[in-house]
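Trainee: I should like to learn how to read a model of this kind, beginning with the overall fold and ending with a single residue. May we proceed feature by feature?

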Amino acid sequence: MKYRFTKAERLTLKREFERVFQEGKVFKDAKVVLYVVVNSLPHSRLGLVVSKKVGNAVRRNRAKRLLREVYRLNKHLLAVHVDIIAIPRQPFSSDLKRSDIEDGFKKLLIKINEVCAHEVYHH
RNA sequence: AGAGUAGACAAGGUGGUCGCCGGCUCUUUCCCUUCUUCGCGAAAGAGCGGGAGGAAAGUCCGAGCUCCACAGGACACAGUGCUCCGUAACGCGGAGUCCCGGAGACGGGAAGGAAAGUGCAACAGAAAAUAUACCGUCCCAUCUUUUCAUGGGAUAAGGGUGAAAUGGCGGGGUCAUUAUUGACUUAAUGCAAGAGCCCACCGCUCUGGUGGUGACAUCGGAGGCAUGGCAAACCCCACUGGGAGAAAGGUUAAAUAGGGAGGGAUGAAGUGGUCCGCUUCAGUAAUACCUCCGGGUGAACCGUUUGAUCUCGUUGGCAACAACGAGACUAGAUAAAUGACCAUCCACGACAGGACUCGGCUUAUUGUCUACUCAAAAU
RNA sequence: GCCCCCAUCGUCUAGCGGCCCAGGAUGCCAGGUUCUCAGCCUGGAGACAGGGGUUCAAAUCCCCUUGGGGGUA
């Protein structure tokens, strides 16, 4: 089932987060910032960082759930296996719906394909 | 109807598709084992049933639990402060007392002590706690007389302020002048309308009775006002409080190479206000030992969800609550789970997300219902 | 999660419960000086985070919120 999102597909350890921040490339649009680095696993992984400036606990949970859902439904677009950290930008209203961020997220994934495929070829 | 007061309850529902977390059962694969089974563990799949709150919040109190003595003594420090109950405990709750606010339903109160001591009170005012000085007024003396000045004495009706001026309020009554009388009597008139004097009442102090477990209430008697205010100023009295907090603490794994500083016959740590005491470790003179700094590892599991638990009933109690009986198991994550999309109904969905667990308080906030109150204004 | 601290003009700060409708510096505005600017001189505006309570009187004392900041294996 390609729409699943299990524990193995998440970034958990502190050192994994640090590796992505130090070595990753930055992709961003108006709603979200992505740090991306190629990994050597048979799948991609997602980590989430939500600042307290986004809002209270309910708003932060809402942001994480939306980003997780968008990733789950669109990760099949990725042609390479990468580690991604997604950070919602500050004006992240709790009234946002999935469709408001999904289009931009898809475009970012396609851009990742272009850049990272080039990188893999060079290696 | 409107305005208001108190209390209770609920916290979107239903269906579909995709997904998340953990529990139980089953299947497959791997690991373990000489092999099979059993057992332990890991991954994947299927089925069944479960999955945030009334405040989960603020972290303001009180406890459980864990480690350090089963938390001990003294001082210090901090907190609480009407009464009686309730409770594991509380600064919480219930029922009352008194005071304050409101028209009322009702609401609020850190509500002990100022006759142990210290301190404070700006401005104004003669004076702010000491009771008289000061100013004013009157009399006398000194100066040739008056004014002025100085000294002495008297003052029974003066001193505008201020948050507060020696308890409050009312009545009597005096004081001056004139007349009268044996007289300190009597009368009239006057205004600054009279006190620190007398009387009555209230308050206060002391005291006795009655009611109440008690705070207190109430009915008397005596005194003749002594004891002004502020203790959310220091303080006194009574009571309470040892410290640290789940990043507590425990087990396993990994890493234990070398560097710097200090220490003494008793030392160091626990102990984080100080001292004593207690416990643990090391221990008789040095390439050792102990402590600190710095460096390394910082992963997994337990703690972690059955508890002062919840629901119903009976009994006791005004109530908070307690006792007994029956039944139920009701989140357990660890970068952190409840979501997304579609349809539909309605009141069109506010505040808001567990992180060891409870009992409260406070704050944010939507709607419904019940009971009660109503002065003024409006219909 | 837990434990602490702070809040005064735009900014940095003073401030014994009463001399405080809060002082100073810097910045801002206006005027003067200068041919002009800078500098200098004079004047002005501008704040006790919010809400309750204690007190005759609160920036100050007490309580509750709000908003910042820091520490913690």
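Trainee: In which pattern do helices and strands follow one another along chain A?

Mentor: This is a predicted model, and its chain A reads α-β-β-β-α-β-α along the sequence. In total there are three helices and four strands.

Trainee: How is the radius of gyration of chain A to be read?

Mentor: One compares it with the value for a compact globule of equal length. For 123 residues that value is near 14 Å, and chain A has 14 Å, so the two agree. The C-alpha trace spans about 45 × 30 × 30 Å along its principal axes.

Trainee: What share of the contacts in chain A joins residues 24 or more positions apart?

Mentor: Among contacts with a separation of 6 or more, such pairs account for 81%. Buried residues, for their part, make up 36% of the chain.

Trainee: What does the surface of chain A expose, and how many charged side chains are there?

Mentor: About 7,800 Å² is exposed, with carbon and sulfur atoms supplying 51% of it. Chain A carries 27 positive and 13 negative side chains, and the centres of these two sets are 6 Å apart.

Trainee: Is Asn-113 buried or exposed?

Mentor: A residue counts as buried under 20% relative accessible area. Asn-113, in helix H3 (residues 98-122), has 15% relative accessibility and therefore counts as buried.

Trainee: Which residues does Asn-113 touch, leaving aside those up to four places away in sequence?

Mentor: Asn-113 touches Leu-77, Leu-78, Ala-79 and Val-80. A polar atom of the Asn-113 side chain lies 2.8 Å from the backbone nitrogen of Ala-79.

Definitions and conventions. Residues are numbered from 1 along each chain as its sequence is written. Chains are lettered from A and ligands numbered from 1 in the order in which they are written. This is a predicted model: local features need pLDDT of at least 70, side-chain atom pairs count only at pLDDT 80 or more; totals for chains, interfaces and linings use all residues. Side-chain values use heavy atoms; hydrogens and water are left out. Helices (H or I, at least four residues) and strands (E, at least two) are DSSP runs, numbered from the N terminus. The radius of gyration is taken over C-alpha atoms; the globule rule is 2.2 Å times the number of residues to the power 0.38. Buried means under 20% relative accessible area, exposed over 50%, partly exposed in between (1.4 Å probe, protein chains only). Contact means heavy atoms within 4.5 Å. Accessible areas come from the Shrake-Rupley method with a 1.4 Å probe; for residues, only the protein chains shown count as cover. Lys and Arg count as positive and Asp and Glu as negative; His and the chain ends are not counted. The place of a charge is taken as NZ of Lys, CZ of Arg, CG of Asp or CD of Glu. A polar contact is a pair of N or O atoms within 3.5 Å; within protein, one must be able to donate a hydrogen and the other to accept it, and residues adjacent in sequence count only if both atoms are side-chain atoms.
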